[in-house]
Amino acid sequence: VPSGAMSWNDEHYRMLGYQLGEVKPSYEAWAARVHPEDREATEALLARAMERGGDYLAEFRALQPDGAVRWMEARGRCDLDSAGRPLRCYGVMLDTTGRRRAEEKIGHYNAVLEARNQILRLTFASQSEEELGRACLTVVEDLTQSRFGFLGEIDALGKLDGIAISHRGWESSGAREPAQRQVPTGLEIHGIYGRVILDGKGFYTNDPALHPDRIGAPEGHPP
């Protein structure tokens, strides 16, 4: 630590997205690959280890040259000299991306399973189709982190009949009074939601206002 000298093995270069020998091992070369959102906390953790000595464990994201993000786990130890100054630090770094993704997949599966169980319980407790629809939408919004949602069905004339709009959906539309909350029926299937229905699959758009399928809000629609 006093000299600032560092040594990496070949795998260390690879995990940080460097070619072997591309850079000289250094704190700066390592820090340059740490995700900006994780850098401050990770550097503070290592600074405490060098100040106090002992073991450390740091988990952080590493940015690759192609923009990919990998999860890393650094485990090591810092030794102090007799005067309490940092003498050396040593340890290992592991790529835990695969484990993280597996954990996220299991977590998502468990969340979906719990959501299904909630909907099953709500099915027996709801007094109407609309009440059940709103309750189900709340569960799904929490699961997907969506801002709002609605349920509907296609009638014999090819129109969309609404079944339920979530509480968040009504609130975002400005319809806060019960008298304003009338689920629409007989809607033409067009616009962005119509594209989803017609194609039979979902899609994402970061700028719905500029999407070519956007038709805008109907006359009289709350802002």
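Biologist: What makes the pair formed by the backbone oxygen of Asp38 and the side chain of Thr42 a polar contact?

Modeller: In this predicted model, a polar atom of the Thr42 side chain lies 2.8 Å from the backbone oxygen of Asp38, and because a polar contact is a pair of N or O atoms within 3.5 Å, with one able to donate a hydrogen and the other to accept it, the distance falls inside the cut-off.

Biologist: Why is Thr42, whose place is in helix 3 (residues 36-52), counted as buried?

Modeller: The relative accessibility of Thr42 is 5%, and since buried means under 20%, Thr42 therefore counts as buried. Leaving aside neighbours within four places in sequence, Thr42 is in contact with Trp30, Val34, Ala58, Glu59 and Phe60.

Biologist: How do you know whether Phe60, found in strand 1 (residues 54-63), is buried or exposed?

Modeller: Phe60 has a relative accessible area of 1%, and the limit for buried is under 20%, so Phe60 is buried. Beyond four places in sequence, the residues in contact with Phe60 include Trp30, Val34, Asp38 and Thr42.

Biologist: Why is helix 4 (residues 97-125) called roughly antiparallel to helix 5 (residues 129-144)?

Modeller: The two helices pack at an angle of about 165 degrees, with their axes 10 Å apart, and because angles over 145 degrees count as roughly antiparallel, helix 4 and helix 5 receive that name. Their crossing is right-handed, and the contact is made by residues including Ala111 and Leu122 of helix 4 and Leu132 and Val139 of helix 5. The residues of this contact divide into 11 nonpolar, two polar and one charged.

Note on methods
Residues numbered from 1 in each chain as written. Predicted model: local features only at pLDDT ≥ 70, side-chain atom pairs only at ≥ 80, totals over all residues. Heavy atoms only, no water. Axes fitted to C-alpha atoms, helices over the stretch in contact; angles between N-to-C directions. Helix = DSSP H or I, 4+ residues; strand = E, 2+ residues; numbered from the N terminus. Parallel < 35°, antiparallel > 145°, perpendicular 65-115°, else oblique. Left-handed = near helix turned anticlockwise from the far one by under 90°. Contact = heavy atoms within 4.5 Å. Nonpolar A, V, L, I, M, F, W, Y, C, P; charged D, E, K, R; others polar. Buried < 20%, exposed > 50% of the residue type's maximum accessible area, 1.4 Å probe, protein only.
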